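Please read the following notes with the model open beside you, taking the points in order. Each point introduces its terms where they are needed.

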Amino acid sequence: QWKLCVLLTESLCRGGDWLGVARACVAGGADCIQLREKAVEARELLDRARALVAVCHPAGVSVIVNDRPDVALLSGADGVHVGQGDLPVAEVRKLVGRQLLVGVSTSRLEDAEAARREGADYCGVGPMFPTTTKRKDHIVGPAYLRAFVAWSGEGGLPHLAIGGIHAGNVGELAA
């Protein structure tokens with residue numbers, strides 16, 4: 001259960017300095033960084049993932065690669081995160097076994113239950129708030145986070161609240 005996982009996308013980094021932003025996140029206390037690059041070709045993504053691992057692992061920070069279990073494995077990342085439209089957890093497990101953590105984005109308890117059943121290690125829970133990184137027709141909000149925590153129970157499935165979270169609204173989620 002990470003305390004702060006930062007989603008890293010070059011196009012959202014000032015000046016495109018994604019690795020500099022990663023270093024700042026590590027220095028600032030993030031304990032996980034998720035590399036989320038939808039438009040980067042595989043070879044470049046692998047290079048970036050390896051560079052991120054080189055920055056994060058010495059500091060004890062986990063690295064998760066979005067959507068690409070192959071890149072996560074080859075780079076030495078700690079895990080892969082998939083969405084509802086990506087490879088199913090059961091298929092990802094065929095590729096990575098237990099070598100990687102596997103996380104799944106969920107916006108309904110039915111999604112979370114399926115993720116648990118298929119062997120996910122954690123769930124992304126959201127979106128909590130509107131976000132500029134991904135268009136969503138339905139914002140499930142903090143009510144879904146409360147429902148997930150109640151469903152998951154004591155010692156249940158680890159989770160990350162996702163979507164539009166910033167310093168001004170994180171307190172609502174922590175409560």
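1. A good place to begin is the pair of strands E6 (residues 122–125) and E7, which run parallel and are joined by three bridges; two strands are said to pair if DSSP finds at least two bridges between them. Within this pair, Cys123 stands opposite His159 of E7. Helices (H or I, at least four residues) and strands (E, at least two) are DSSP runs, numbered from the N terminus.

2. Before going further, please note that this is a predicted model, in which local features need pLDDT of at least 70 and side-chain atom pairs count only at pLDDT 80 or more, while totals for chains, interfaces and linings use all residues. Residues are numbered from 1 along each chain as its sequence is written, and side-chain values use heavy atoms, with hydrogens and water left out.

3. The wider sheet is open and has seven strands in the order E1-E2-E3-E4-E5-E6-E7, with parallel pairing. Strand E1 (5–8) and strand E7 (159–161) stand at the edges with a single partner strand each, so one side of each has no neighbour in the sheet. On average, neighbouring strands of this sheet are turned by 25° against each other, direction ignored.

4. Helix H1 (residues 18–28) packs on this sheet, where it touches E1 and strand E2 (32–35), and its direction makes about 175° with that of E1. Such angles run from 0 to 180 degrees between N-to-C directions, and the axes are lines fitted to C-alpha atoms, for helices over the stretch in contact. Helix H4 (residues 89–96) lies across strand E4 (79–82) and strand E5 (101–106), and runs at about 165° to E5.

5. Which residues of helix H5 (residues 109–118) are buried? They are Asp111, Ala112 and Ala115, where buried means under 20% relative accessible area, exposed over 50%, and partly exposed in between (1.4 Å probe, protein chains only). These residues cover an arc of only 100° around the axis, which puts them on the same side of H5; the arc is that of the directions from the helix axis to the C-beta atoms. An α-helix has 3.6 residues a turn, so residues three or four places apart point the same way. On the other side of H5, Glu110 and Arg117 are exposed, while the cover over the buried residues includes E5, E6 and helix H6 (141–152). After H5 comes Gly119, whose phi is positive, near 100°.

6. Asn66 belongs to strand E3 (residues 62–66) and counts as buried because its relative accessibility is 9%. Its side chain is joined to that of Gln34 by a polar contact of 2.4 Å, a polar contact being a pair of N or O atoms within 3.5 Å; within protein, one must be able to donate a hydrogen and the other to accept it, and residues adjacent in sequence count only if both atoms are side-chain atoms. Leaving aside neighbours within four places in sequence, Asn66 is in contact (heavy atoms within 4.5 Å) with Gln34, Leu35, Arg36, Lys38 and His81.

7. How many disulfides are there, if a disulfide is a pair of cysteine sulfur atoms within 2.5 Å? The count comes to zero. For Cys13, the nearest cysteine sulfur is that of Cys25, 7.9 Å away, and Cys13 is buried, with a relative accessible area of 9%. For Cys32, the nearest cysteine sulfur is that of Cys5, 3.4 Å away, and Cys32 counts as buried at 0% relative accessibility.

Notes. Disulfide = S-S within 2.5 Å.
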